[in-house]
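Q: Could you take me through the structure shown below, one feature at a time, and explain how each is to be read?

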Amino acid sequence: MKIIKAALLGLLIGFSATLLHNSFEPFGFILSLLLTYLGVLFVGKSFFYLRYQIIASAAWLAVVLRGGTAGVGDELLIYGNTYGNIFLITGFITLVISLLRPRRLQN
């Protein structure tokens with residue numbers, strides 16, 4: 001059940017970041033990266049194990065990659081402009097940073 005919840009949270013984070021990145025330039029772009037980082041951290045705090053963060057990150061990546069490819073009607077959610085290309089690169093780097101940050105046990 002936790003796997004499904006982590007995947008759904010990753011899908012929601014990816015969808016929100018995809019829709020937000022190209023609105024209110026450059027603030028929407030910055031907010032989408034912040035949402036990605038804090039969302040993956042939230043998954044880590046909620047489910048504790050790294051595997052759930054990886055599942056959420058994979059779901060985020062699936063949504064973002066699907067949003068960047070043309071659909072049946074040639075619609076795109078992530079354009080090949082400056083913000084779209086930087087979002088793909090820095091979004092992935094943000095995921096890696098949020099996964100590799102040191103873990104601390106709380107007393």
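Q: Which residues do ring pairs link into a cluster?

A: Before turning to the rings, please keep in mind that this is a predicted model. The general idea is that two aromatic rings count as a pair if their centres lie within 6.5 Å. In this structure, such ring pairs link Phe47, Phe48, Tyr49 and Tyr52 into a cluster, and a search of the whole structure finds five aromatic pairs.

Q: How is the aromatic pair of phenylalanine 47 and tyrosine 52 arranged, and what are its distance and angle?

A: The angle between the planes decides the label, since planes under 30 degrees apart count as stacked, those over 60 as edge-to-face and the rest as tilted. Phenylalanine 47 and tyrosine 52 form a tilted pair, with 5.6 Å from centre to centre and 55° between the planes.

Q: Is phenylalanine 47 buried or exposed, and is tyrosine 52 buried or exposed?

A: The word "buried" is kept for a relative accessible area under 20%. Phenylalanine 47 has a relative accessible area of 11% and is therefore buried; tyrosine 52, with a relative accessible area of 11%, is buried as well.

Q: Which residue lies over the face of tyrosine 49?

A: Here one looks for a charged group above a ring, and the distance is taken to the ring centre. Arginine 51 lies over the face of tyrosine 49, at 4.6 Å from the ring centre.

Q: Which residues make up the largest nonpolar core, and how many are there?

A: A nonpolar core is read as a set of buried residues joined through their side-chain atoms. The largest one in this structure has 10 residues in all, namely Ile13, Ala17, Phe29, Leu33, Val40, Trp60, Val64, Ile78, Phe87 and Leu95. Helices α1 (2-20), α2 (27-47), α3 and α4 each supply at least two residues of this core, and the largest share, three residues, comes from α2.

Q: Where is isoleucine 13 placed, and what separation do the C-alpha atoms of isoleucine 13 and leucine 33 have?

A: A useful habit is to set the separation along the chain beside the separation in space. Isoleucine 13 has its place in helix α1 and is buried, with a relative accessible area of 9%. Its C-alpha atom and that of leucine 33, which is 20 residues apart along the chain, are separated by 10 Å.

Q: What is the separation between the C-alpha atoms of alanine 58 and alanine 7?

A: The reading is done in the same manner. Alanine 58 lies in helix α3 and, at 46% relative accessibility, counts as partly exposed. The C-alpha atoms of alanine 58 and alanine 7 are separated by 8.0 Å, although these residues are 51 residues apart along the chain.

Q: Which residues form a nonpolar patch on the surface?

A: A nonpolar patch gathers side chains that lie within 5 Å of one another and belong to residues with over 30% relative accessible area. In this case Leu65, Leu88, Ile89, Ile93 and Ile97 form the patch, with about 450 Å² of accessible area together. Helix α4 (residues 82-100) gives the most to it, with four residues, while leucine 65 has its place in helix α3 (residues 50-67). Leucine 88, which lies in helix α4, counts as partly exposed at 32% relative accessibility.

Q: Which peptide bond is cis, and what is its omega?

A: For this feature one reads the backbone angle omega across the peptide bond. The bond from glutamate 25 to proline 26 is cis, with omega near -10°, and proline 26 is found in the loop between α1 and α2.

Q: What is the phi of phenylalanine 24, and what is the phi of aspartate 74?

A: The point to look for is the sign of phi in a residue other than glycine. Phenylalanine 24, found in the loop between α1 and α2, has a positive phi near 55° and is exposed, with a relative accessible area of 67%. Aspartate 74 lies in the loop between α3 and α4; its phi is near 60°, again a positive value, and at 64% relative accessibility this aspartate counts as exposed.

Note on methods: Residues are numbered from 1 along each chain as its sequence is written. This is a predicted model: local features need pLDDT of at least 70, side-chain atom pairs count only at pLDDT 80 or more; totals for chains, interfaces and linings use all residues. Side-chain values use heavy atoms; hydrogens and water are left out. Patches are made of residues with over 30% relative accessible area and no salt bridge: like charges are joined within 9 Å, nonpolar side chains (Val, Leu, Ile, Met, Phe, Trp, Tyr) within 5 Å. Accessible areas come from the Shrake-Rupley method with a 1.4 Å probe; for residues, only the protein chains shown count as cover. A salt bridge is a side-chain nitrogen of Lys or Arg within 4 Å of a carboxyl oxygen of Asp or Glu. Rings of Phe, Tyr and Trp (its six-membered ring) pair if their centres lie within 6.5 Å; planes under 30 degrees apart count as stacked, over 60 as edge-to-face and the rest as tilted. Buried means under 20% relative accessible area, exposed over 50%, partly exposed in between (1.4 Å probe, protein chains only). A charge sits over a ring if NZ of Lys or CZ of Arg is within 6 Å of the ring centre and within 35 degrees of the ring normal. A nonpolar core is a set of buried Ala, Val, Leu, Ile, Met, Phe, Trp, Tyr and Cys residues joined through side-chain atoms within 4.5 Å.
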